[in-house]
Amino acid sequence: MMMMILSFMFLIPFVYMVNFWFISFIFLLSTLMFMFKLGFSLEVLYISYFLGVDLLSYTLILLSIWICFLMILASQVLYNLKYFNNLFILIILLLMISLFVTFSSLNMFIFYLFFEISLIPIFVLVLGWGYQPERITAGVYLLFYTLLVSLPVMVALFYLNVKFYSLEFYFFNKSSDLLLYLVMNMIFFVKIPMYFTHLWLPKAHVEAPISGSMVLAGVMLKLGGYGLFRVMKLFVSLGVQFNILFIIISLMGGVYISVMCLRQSDMKMLIAYSSVSHMGLVLSGILTMNLWGYWGALVLMLAHGLSSSGLFCLVNLFYERTFSRSFYLNKGFINILPSVSLWMFLLCISNMAAPPSLNLLGEILLINSLVLYSKYFMVILFILIILSAAYSLFLYSFTQHGKMYSGVYSFSLITVREFLLLALHWVPLNFLFLKSDTLLLWV
């Protein structure tokens, strides 16, 4: 693990010396190298210093490296304009190092420290390369929503250290302290984000550049889920009593947000809100604390990371041509970019969990988990899935059909780079199900 981190750190001095695309190639190479480290084992492997991976950490680190590689691939405009492109690469490298340590940490304090550090590169991305002046408000929302709930966690860590004489995840034992339950979990509820604490996400997504949106949807929301997986063993007895409340909030919030998706006029806003809906389902699965829920939550986290990131890339592709994210101005693309319409269709049906995507496997596992927990959730889940299909098809049909907007004064066809970008989202998303047994070995 330390070897991988040191290789990323070794790249930092070369950011200003080598080509933009060379760093992108190094990220791709790192992904392939890391794939060879897969261990079909329940144990924590590659332990060095305070780091080590089990299959949960492994899959999320792999997702992080892959998304960071695709972020560079999506940001050719910065390279063409020479718009602080070297600084941009530096920020991505720092973000990758912080995510790598967060996901591979075996110690709660190290996890917490790098969990917070990973916020800074995102904040810089939104503020530095965002589009509208409102990005400052979005950055402040992003920062303060997380900081407000993270300071009590630091106090909770000192308490845990006194109680268990260690902050290693392995040595945590059951606790029946309700205040500790709320303090420890609230930071992950905000990050995932749970309904009522989700307002920072749509703002951050809409104001962020394409790379910011990709990493927010692809990796940052997964930090909340990963943290809950790690600390939920502390609250087994309390979870039985209180988790039901948060499950109901997440599922009902998911239904309400899905209805809101149907009346959005901004494409990015629709995808951002759909993220809240999907991650609400993931949160509910984790809080059921059963095997199906844990499996389904991991699978849907990976699937959502790829499908949501891919949809943001598509919206950016349209934005770079029409300079608008509005549904009313982005219409009729099937007439002039039929190949992009195919990618739009493939990613939209993946987003609504059509076979053979990983989303389908994740949702089947999560539905099983929630129906086992309470049969009354069947009604909410039914509505949630119908609405999920409705807004995904709305996104596709509204942008691809109809008459092209006559005010578009310049237009360029799709490039090989954009084809590659979309293919590298879709292929793993729809072929990983062939090796889905690996994702179920970690628990």
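These legends describe close-up views of a predicted model.

**View 1. The annotated domain spans residues 105–386.** An unreviewed UniProt entry gives this stretch the annotation "domain: NADH:quinone oxidoreductase/Mrp antiporter transmembrane". Over residues 105–386 the chain is 77% helix and 0% strand. The C-alpha atoms at the two ends of this stretch are 39 Å apart.

**View 2. A nonpolar patch lies on the surface.** Seven residue names make up this view: Met3, Phe22, Phe25, Leu29, Leu32, Met33 and Met35. Together they form a nonpolar surface patch of about 650 Å². Which helix gives the largest share of the patch? Helix H2, residues 20–35, supplies 6 residues. Leu32 lies in this helix, H2. Leu32 has a relative accessible area of 40%, so it counts as partly exposed. That value falls between the cut-offs of 20% for buried and 50% for exposed.

**View 3. Phe100 sits in the largest nonpolar core.** This core has 165 residues. Phe27, Phe100 and Met108 have the most contacts inside it. What does Phe100 touch, not counting residues up to four places away in sequence? Its partners are Met1, Met4, Ile5, Phe8, Phe34, Ile61 and Ile65.

**View 4. Phe84 has a positive phi.** The phi of Phe84 is near 50°. The value is positive, and the residue is not a glycine. Where is Phe84? Look in the loop between helix H4 (76–81) and helix H5 (85–104). Is Phe84 buried or exposed? Phe84 is exposed, because its relative accessible area is 54% and the cut-off for exposed is over 50%.

**View 5. The loop between H9 and H10 holds a cis peptide bond.** The bond joins Ile192 and Pro193. Its omega is about -20°. Pro193 is in the loop between helix H9 (178–191) and helix H10 (200–207). Phe196 is found in the loop between H9 and H10 too. Phi of Phe196 is near 90°, a positive value in a residue other than glycine. Phe196 is exposed, with a relative accessible area of 59%.

**View 6. Helix H10 is mostly covered.** How many of the 8 residues of H10 are buried? The count is 7. They are Trp200, Leu201, Pro202, Ala204, His205, Val206 and Glu207. These buried residues pack against several helices. Among them are helix H7 (119–129), helix H8 (135–164) and H9. Helix H11 (210–231), helix H13 (267–287) and helix H14 (291–322) also pack against the buried residues of H10.

**View 7. Ser150 is buried in helix H8.** Ser150 is found in helix H8. Why does Ser150 count as buried? Its relative accessibility is 1%, and buried means under 20%. Ser150 touches Tyr112, Glu116 and Ile187, leaving aside residues up to four places away in sequence.

**View 8. A second cis peptide bond joins two prolines.** The bond links Pro355 and Pro356. Its omega is about 5°. Pro356 is found in the loop between helix H16 (338–351) and helix H17 (358–373).

**View 9. Arg321, Arg417 and Glu418 share a network of salt bridges.** Arg321 pairs with Glu418, and their closest N and O atoms are 2.9 Å apart. This pair links distant parts of the chain. Arg321 is in helix H14, while Glu418 is in helix H19 (residues 416–431). The two are 97 residues apart. Glu418 also forms a salt bridge with Arg417, with the closest N and O atoms 3.7 Å apart. Are these residues buried or exposed? Arg321 and Glu418 are both buried. Glu418 has a relative accessibility of 5%, so it counts as buried. Arg417 is buried as well, with a relative accessible area of 15%.

**View 10. Asp437 and Lys435 form a salt bridge.** Their closest N and O atoms are 3.4 Å apart. Asp437 is partly exposed, with a relative accessible area of 46%. Lys435 counts as partly exposed because its relative accessibility is 41%. The model's salt bridges come to 5.

Note on methods. Residues numbered from 1 in each chain as written. Predicted model: local features only at pLDDT ≥ 70, side-chain atom pairs only at ≥ 80, totals over all residues. Heavy atoms only, no water. Patch = residues over 30% accessible without salt bridge, like charges linked within 9 Å, V, L, I, M, F, W, Y side chains within 5 Å. Areas by Shrake-Rupley, 256 points an atom, 1.4 Å probe, with all protein chains shown as cover. Salt bridge = Lys/Arg side-chain N within 4 Å of Asp/Glu carboxyl O. Helix = DSSP H or I, 4+ residues; strand = E, 2+ residues; numbered from the N terminus. Buried < 20%, exposed > 50% of the residue type's maximum accessible area, 1.4 Å probe, protein only. UniProt positions renumbered as here; feature names shortened; annotations may be inferred. Contact = heavy atoms within 4.5 Å. Core = buried A, V, L, I, M, F, W, Y, C linked by side-chain atoms within 4.5 Å.
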